[in-house]
Amino acid sequence: MSEEQLLRVLVSLLIIASARYFRFVNSSGEDSIVADVFNETTISRIAFGSCSFPKKPQPLWKHISSQRPDVWVWLGDAVYADTKVVPLLWTPSPLGEMVEKFNYLKFSSEYQEFLRSGIKVLGVWDDHDYGMNNGGKHYKDRLQAQGVYLDFLDEPSESIRRRREGTYVSYSFGSGSRRVKLILLDTRSHLKWGPECDILGAEQWSWLEMQLSDPNPVALSIIGSGIQVISDVPYTDRWTGCPSSYDRLIWLVQRNPRVILISGDVHFGEFSCLNSTSTGYPLYEVTSSGLTATCVSWMSKATCRWLLENVLTSSKRTHPFITELNYGLITIHWNDQPISIAVEVRGETGSYLKQTISLAHLEKARDANRCPQKLEDPPVIKKNLFYAAAICVLTTIFVGLLRLIIFILKIVLTRIVFPLLGISLQSSPSSSSSLQRTKHKNNKIIKSE
């Protein structure tokens with residue numbers, strides 16, 4: 001065993017020794033608990049986040065620890081395990097390289113200190129920690145990558161997540177009227193885009209319906225998704241991009257009371273809300289992204305905010321978006337009457353977005369409660385001008401590239417390919433002299449006239 005491997009083993013043992021007791025038990029079904037794993041400890045604080053570049057500064061872990069959450073939930077892109085070729089272009093990494101990238105974060109001093117606080121770490125992946133940017137079911141290494149990801153989470157060897165295809169999982173916390181269920185959806189392992197798109201796959205759909213049909217009602221269900229669910233921000237992977245899957249998910253969720261959605265992926269934070277379309281309740285979504293980089297990390301803050309205000313808008317957005325480094329936090333106030341839930345997007349300087357929701361507000365009702373008023377739509381002229389400018393720029397680039405390709409092709413053909421094939425493009429002497437005589441005759445005719 002190398003010194004590096006020995007050090008990692010010792011660090012892991014220290015983390016286990018210092019962590020507070022929070023043992024999960026596989027659900028047998030005999031206890032009527034519909035969850036993959038459960039723990040009877042009541043929880044009240046759930047922190048979550050996404051989008052972490054391991055080699056960038058990690059300033060938020062100490063702030064997250066200071067909030068003393070009971071659990072931390074990764075919502076995708078915990079590590080960018082694929083390889084960036086150029087901006088916005090990624091290629092899958094070899095599996096050995098993926099392991100190195102996960103370990104770079106796992107054994108960083110900031111993350112190790114966070115783990116030593118004893119906060120239980122859970123999670124589900126999105127495309128970059130899955131191993132393929134915007135990837136789906138056709139990623140060739142998806143099953144081996146699943147093992148790499150579960151090792152990063154220190155998932156037990158006997159875990160059900162190591163015996164099925166996909167990282168989806170459910171947890172039950174507490175008991176009686178203080179039971180909370182956390183459902184994490186895998187939106188990559190079975191994803192198929194196109195006319196017959198499907199996000200979860202048949203097996204995960206059946207599993208999700210079972211989770212939401214729990215005979216023992218829970219006080220609150222939290223559903224985590226790597227990609228946004230109800231937000232309709234364009235040019236992102238999102239549930240609304242696959243209408244049949246989105247329709248089915250909303251139908252399953254709103255027929256069961258007291259559900260909140262959490263998501264990541266987009267490199268900014270926001271609140272969204274969907275009003276009930278039938279007998280249901282307003283469905284809230286809290287998006288937190290990212291932990292080490294947001295859209296202002298690779299473009300100016302003014303440009304990023306202008307795009308989010310005028311182009312990358314959502315008809316479900318209820319609060320101003322957040323471009324600072326951020327994480328999400330849900331706090332359940334069990335002693336309030338009625339019970340209330342505070343949802344937040346937080347960062348280094350405190351709470352950026354916060355809303356308190358009464359649990360009774362999420363009960364099914366014929367005359368359902370309403371979402372907060374959504375933000376006013378931006379002037380359409382700004383979006384249209386942006387698209388017109390973008391089309392002009394892209395057209396100019398395309399024409400320029402096309403002319404360059406034609407120029408290069410002409411050189412290759414005339415100076416390399418044709419000479420190799422013995423093809424000459426020069427005119428013969430007889431045809432040249434004939435052409436000259438024709439020109440001379442034409443000149444005479446013109447002169448006589």
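# Cavity, pocket and disulfides

Trainee: I see that the volume of the largest cavity comes to about 30 Å³. Which residues line this largest cavity?

Mentor: Good place to start, and keep in mind that we are looking at a predicted model. Just one cavity of 30 Å³ or more turns up in the structure. Its lining divides into four nonpolar residues, three polar and one charged. By name, the residues lining the largest cavity are Phe271, Ser272, Tyr284, Glu285, Val286, Thr318, Val343 and Gln355.

Trainee: Which strand gives the largest share of the lining of the largest cavity?

Mentor: Two strands are worth looking at, since strand 12 and strand 13 (283-287) each supply at least two residues of that lining. The largest share is three residues, and the element that supplies them is strand 13.

Trainee: Now for the largest pocket: which residues lie closest to its centre?

Mentor: Start with the volume of the largest pocket, which is about 1200 Å³. Its lining is made of 32 residues, and the closest to the centre are Leu88, Tyr235, Val266, His267 and Trp298.

Trainee: How many residues of the lining of the largest pocket are nonpolar?

Mentor: Sort the lining residues into three classes. Six of them are polar and six are charged. For the remaining class, the nonpolar one, the number is 20.

Trainee: Which helix supplies the largest share of the lining of the largest pocket?

Mentor: Helix 5 (127-130), helix 9 (301-310) and helix 10 each supply at least two residues of the lining. The largest share is three residues, and these come from helix 9.

Trainee: Which residues of helix 9 are buried?

Mentor: Look first at what lies over them: the cover of the buried residues of helix 9 includes helix 10. Next, take one example, cysteine 304, which counts as buried because its relative accessible area of 1% is under 20%. The full set of buried residues in helix 9 is Cys304, Leu307, Leu308 and Asn310.

Trainee: Cysteine 304 makes me think of disulfides. How many disulfides does a search of the whole structure find?

Mentor: Let's go through the pairs. Cysteine 197 and cysteine 242 form one, with sulfur atoms 2.1 Å apart, and cysteine 273 is joined to cysteine 371, S to S 2.0 Å. Cysteine 295 is joined to cysteine 304, with 1.7 Å from S to S. The search of the whole structure gives a number of disulfides equal to three.

Trainee: What pattern do the disulfides of the chain follow?

Mentor: Count the bonded cysteines along the chain, then note the partners. Reading the pairs off in that way gives the pattern 1-2, 3-6, 4-5.

Trainee: For the link of cysteine 197 and cysteine 242, is it right-handed or left-handed?

Mentor: The angle about the S-S bond is 100°, so check its sign against the pair that follows, where cysteine 273 and cysteine 371 have -75° and are left-handed. The link of cysteine 197 and cysteine 242, with its 100°, is right-handed.Trainee: How many residues apart are cysteine 273 and cysteine 371?

Mentor: The link of cysteine 273 and cysteine 371 is left-handed, at -75° about the S-S bond. Cysteine 273 sits in strand 12 (residues 270-274), and cysteine 371 sits in the loop between strand 16 (350-358) and helix 10 (380-421). The pair links distant parts of the chain, with a separation in residues of 98.

Trainee: Why does cysteine 197 count as buried, and at what relative accessibility?

Mentor: The cut-off to use is that buried means under 20% relative accessible area. Its partner, cysteine 242, counts as buried at 0%. Cysteine 197 counts as buried too, because its relative accessibility is 11%.

Trainee: Where does UniProt place the feature "transmembrane region"?

Mentor: This comes from the record, and the entry is unreviewed. In the model, the span is 100% helix and 0% strand, and its end C-alpha atoms lie 36 Å apart. UniProt places the feature at residues 385-409.

Trainee: One last step back: what percentage of the 449 residues of the chain count as buried?

Mentor: The secondary structure of the chain comes to 11 helices and 16 strands. Among contacts between residues at least 6 apart in sequence, 68% join residues at least 24 apart. Of the 449 residues, the share that counts as buried is 48%.

How values were computed: Residues are numbered from 1 along each chain as its sequence is written. This is a predicted model: local features need pLDDT of at least 70, side-chain atom pairs count only at pLDDT 80 or more; totals for chains, interfaces and linings use all residues. Side-chain values use heavy atoms; hydrogens and water are left out. A disulfide is a pair of cysteine sulfur atoms within 2.5 Å. Buried means under 20% relative accessible area, exposed over 50%, partly exposed in between (1.4 Å probe, protein chains only). Helices (H or I, at least four residues) and strands (E, at least two) are DSSP runs, numbered from the N terminus. On a 1 Å grid over the protein atoms alone, a cavity is a set of points where a 1.4 Å probe fits but cannot get out, and a pocket is an open set with protein on both sides within 12 Å along at least five of seven lines; lining residues have an atom within 4 Å of a point. Grid points are joined across faces, edges and corners, and a volume is the space filled by probe spheres set on the points. Ala, Val, Leu, Ile, Met, Phe, Trp, Tyr, Cys and Pro count as nonpolar, Asp, Glu, Lys and Arg as charged, and the others, Gly among them, as polar. UniProt positions are given in the numbering used here, feature names are shortened, and annotations may be inferred rather than shown by experiment. Contact means heavy atoms within 4.5 Å.
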